[in-house]
Amino acid sequence: MKYERVLLISIDALGRKYLPLFKGFFNTVYHNYRVTHTWTLPGHVAMLSGINMRELYHVFDTKRLDRWKDCVKRIPTIATTFHSHGFRTRAIASGGYLSRYFGWGHDWDEWRTPEDGHREWNGEKMMPRKREFLFLHTYYVHNWFQATDELSRWFKKNGQQFKVVPYDVSLMGEARREYERRVRVLADRLSWIGSLPDDILVIFTADHGEIFSIDGKHFHHGDMARNDPNVYKVPLLLRTKSKKRHYQNSQVYDLSLRALIEREVFGT
């Protein structure tokens, strides 16, 4: 076993183009890592279990949410593997599509979300304990539209089911600037990663990207972004014991992330 502490960080909706802001904290960079879905629920199923939920390729109708209650509960996640090696597993997630409603946490020792009364994690220093796998997830970047009442109203009007947004240079520009501001804020908050002990394996990634098109007519992710290749391009960065920098140029998908982490930790 190469590591006794593992930290997996998922920044919801972080596109790969912002990788340079974070790569200084890591020594292994995957230049061609891609995800297989355009929204949070199936993206994290792929990330944490290696399973492709093809029935969730399209964003489902939120009015039929009850159809998907406990849909993750039948799926073993990476927590099951780490339990078999004597690890404790803990998650601090931002809820929503990562809430217990969908079945998350069934094979984890601890799965905290705001719905359970816990504080949301937005980049603050959190370290795994000895023999612990810690998963941290945040919607901080994803929820750029919550920054102002004006953006919130605009998103509510135009963002349902991820429809095409009427051309509006002012608000489109403000939306992009807020998204990018939040990315920079998060990069500053996560500077503590660079000073973590070498016996902690750190994996940094995202579940999908975020689109602000040049023509100003499209934004967000989900169904309206399925044909844009950029929504599938997200960062994958590792902080390992090695002092050398490694650059991986081969194409890697989120469906193999669980196996990649297990090989890195257990050598299998």
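## Close-up views of a predicted model

**Figure 1. Contacts across the whole chain.** Among contacts between residues at least 6 apart in sequence, 80% join residues at least 24 apart in this protein. Keep in mind, as you look around, that this is a predicted model. Its secondary structure comes to 5 helices and 12 strands. Along the principal axes, the C-alpha trace spans about 55 × 40 × 35 Å.

**Figure 2. Overall packing and surface.** How does the radius of gyration fit with that of a compact globule? For 268 residues, such a globule would have a value near 18 Å, and the protein has 18 Å, so the two agree. Buried residues make up 55% of the 268 residues. On the outside, the protein exposes about 11,900 Å², and carbon and sulfur atoms supply 49% of that area.

**Figure 3. Phenylalanine 82 in helix H2.** Here we zoom in on phenylalanine 82, which lies in helix H2, a segment covering residues 78-84. Is this side chain's residue, phenylalanine 82, buried or exposed? Phenylalanine 82 counts as buried because its relative accessibility is 0%, and the cut-off for buried is under 20%. Leaving out residues up to four places away in sequence, phenylalanine 82 touches Val6, Phe87, Thr89, Phe133, Ile261, Glu262, Val265 and Phe266. If you would like a landmark for distance, try isoleucine 92: phenylalanine 82 and isoleucine 92 are 10 residues apart in sequence, and their C-alpha atoms are 17 Å apart in space.

**Figure 4. Histidine 142 in a loop.** This view turns to histidine 142, found in the loop that runs between strand E6 (132-138) and helix H3 (149-158). Histidine 142 has 11% relative accessibility and therefore counts as buried, again by the cut-off of under 20%. Which residues does histidine 142 contact, once its neighbours within four places in sequence are set aside? They are Asp12, Ala13, His208, Glu210, His220 and His221.

**Figure 5. The second largest pocket.** Our last stop is the second largest pocket, with a volume of about 310 Å³. Its lining is made up of 14 residues. Lys17, Glu210, Ile211, Phe212 and Asn230 are the ones that lie nearest the centre of the pocket. One of these, Glu210, may be familiar from the previous view, where Glu210 is in contact with histidine 142. Sorted by class, the lining of this pocket has 4 nonpolar, 4 polar and 6 charged residues.

Technical notes:
Residues are numbered from 1 along each chain as its sequence is written. This is a predicted model: local features need pLDDT of at least 70, side-chain atom pairs count only at pLDDT 80 or more; totals for chains, interfaces and linings use all residues. Side-chain values use heavy atoms; hydrogens and water are left out. Helices (H or I, at least four residues) and strands (E, at least two) are DSSP runs, numbered from the N terminus. Buried means under 20% relative accessible area, exposed over 50%, partly exposed in between (1.4 Å probe, protein chains only). Contact means heavy atoms within 4.5 Å. On a 1 Å grid over the protein atoms alone, a cavity is a set of points where a 1.4 Å probe fits but cannot get out, and a pocket is an open set with protein on both sides within 12 Å along at least five of seven lines; lining residues have an atom within 4 Å of a point. Grid points are joined across faces, edges and corners, and a volume is the space filled by probe spheres set on the points. Ala, Val, Leu, Ile, Met, Phe, Trp, Tyr, Cys and Pro count as nonpolar, Asp, Glu, Lys and Arg as charged, and the others, Gly among them, as polar. The radius of gyration is taken over C-alpha atoms; the globule rule is 2.2 Å times the number of residues to the power 0.38. Accessible areas come from the Shrake-Rupley method with a 1.4 Å probe; for residues, only the protein chains shown count as cover.
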